[in-house]
Amino acid sequence: MKVLVCDSISARAVERMRQACLEVDVQDKITAEELLQVIGNYDAMVVRSRTKVRKPVLDAAAKLKVIVRGGVGVDNIDIDYAQAQGVRVLNTPGASTDSVAELTVGYLFALARPIVQATISLKAGKWEKKKFHGAEIQGKTLGVIGTGRIGKAVARRAAAVGMKVLGYDVVASEPVPYLTVTPLDELLAQSDYITLHIPLLESTHHLVDADLIARMKDGVRIIHCGRGGVIDEDALYDALVAGKVAGAALDVFEIEPPKDSKLFTLEQMIGSPHVGASTKEATARIGDEVAELLIAFE
Ligand code: NAD
């Protein structure tokens, strides 16, 4: 089976696939145009979030049998069209859970204590002790929207540092001891911090808009390590300027990389370039699972 690796995965995964006699080509900087030229030669492709697999790619992929997405979100793949063409789409859902949960908890602390802003000020030669007065997170309420794998992993960690954790999901899940399932409006009204762990779907596009933010507690802090497009970034900007939202930490953006985002002009917004799953442990787990899926598929 000929496999095209379009986004970077671990060298160990590539080696394991080659040892299992898969013919693997790694082209992890391939452009959309180049992909269209070569995809017709491959039976399988491996992508992460960078490579978009839409209709033109699938139309050019005459031999393709399987797409493996290293990671969770499959919104970069036109799944319905792929399946209609007889192409299976597989992913590695649990491999990045702990890494994303840890980044989220890092942001909880960084919103409570302005570590990022204080570092920038300190390095600029300032000593602004009063400005960087913070708050504790223990005793505060965290609202988790989307209590799937990552939402639960965040809830467990937040409870361990003394937070009260409320959770809302559209699908009822098994009760867990560290999270109180709560109707959305109650969660919005009570939470000091809100973190989003839901996929980008038609139903979740701009779920966090001006109306939803208005139903949140004044001075709420929002963390988003889920998927760009779930937050209406203009509405978030307005709410940050008005002080309704006291701080925001974003790992994901509607357009990546963001172009001239107004949010970046605000000191109370901190962020990262979609690095939720970018740890050596998650990368190793994702690679191992990708290799296992493709070896088993053959
Ligand atoms: P999951 O499928 O285990 O959980 C998602 C949960 O969201 C599900 O329980 C689902 O019922 C719920 N949900 C869907 N729509 C909802 C809505 N409107 N309101 C409330 N709940 C809703 O997925 P997961 O593994 O926990 O991952 C969550 C998301 O995190 C992924 O979809 C992905 O986009 C994102 N993610 C980001 C990174 C990153 O690098 N920042 C890495 C991995 C995953």
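In the predicted model, Asp75 and Arg227 are joined by a salt bridge in which the closest N and O atoms are 3.1 Å apart. One salt bridge is found across the interface of domain 1 and domain 2. Two residue pairs are in polar contact across this interface, both at pLDDT 80 or more. On the side of domain 1 that touches domain 2, three residues are charged, two are polar and two are nonpolar.

The two domains differ in how they are laid out along the chain: domain 1 is made up of residues 2-92 and 279-297, whereas domain 2 spans residues 97-271. Their centres, taken over C-alpha atoms, are separated by 31 Å. Contact between the domains involves seven residues of domain 1 and five residues of domain 2. The area buried between domain 1 and domain 2 is about 440 Å², and carbon and sulfur atoms account for 39% of it. Of the area that domain 1 buries against domain 2, 69% is supplied by Val72, Asp75 and Arg285, a share greater than that of any other three residues. Asp75 thus appears both among these three residues and in the salt bridge with Arg227.

The ligand is surrounded by 23 residues, of which Arg149, Ile150, Asp169, Cys225 and Asp251 come nearest. Classified by residue type, the shell around the ligand consists of eleven nonpolar, eight polar and four charged residues.

Several N and O atoms of the protein lie at short range from polar atoms of the ligand. In the side chain of Asp251, an N or O atom is 2.9 Å from a nitrogen atom of the ligand. Asp251 is also one of the five residues that come nearest to the ligand. A ligand oxygen atom is placed 3.3 Å from an N or O atom in the side chain of His274. For Val170, the atom concerned belongs to the backbone: an N or O atom there lies 3.5 Å from a nitrogen atom of the ligand. On its own the ligand has 860 Å² of accessible area, and the protein covers 87% of this area.

Conventions. Residues are numbered from 1 along each chain as its sequence is written. This is a predicted model: local features need pLDDT of at least 70, side-chain atom pairs count only at pLDDT 80 or more; totals for chains, interfaces and linings use all residues. Side-chain values use heavy atoms; hydrogens and water are left out. A residue is near a molecule or strand if one of its heavy atoms lies within 4 Å of it. A polar contact is a pair of N or O atoms within 3.5 Å; within protein, one must be able to donate a hydrogen and the other to accept it, and residues adjacent in sequence count only if both atoms are side-chain atoms. Accessible areas come from the Shrake-Rupley method with a 1.4 Å probe; for residues, only the protein chains shown count as cover. Ala, Val, Leu, Ile, Met, Phe, Trp, Tyr, Cys and Pro count as nonpolar, Asp, Glu, Lys and Arg as charged, and the others, Gly among them, as polar. Domain bounds come from an automatic or database domain assignment. Contact means heavy atoms within 4.5 Å. Buried area is the accessible area (1.4 Å probe) that two parts lose on being put together, summed over both. A salt bridge is a side-chain nitrogen of Lys or Arg within 4 Å of a carboxyl oxygen of Asp or Glu.
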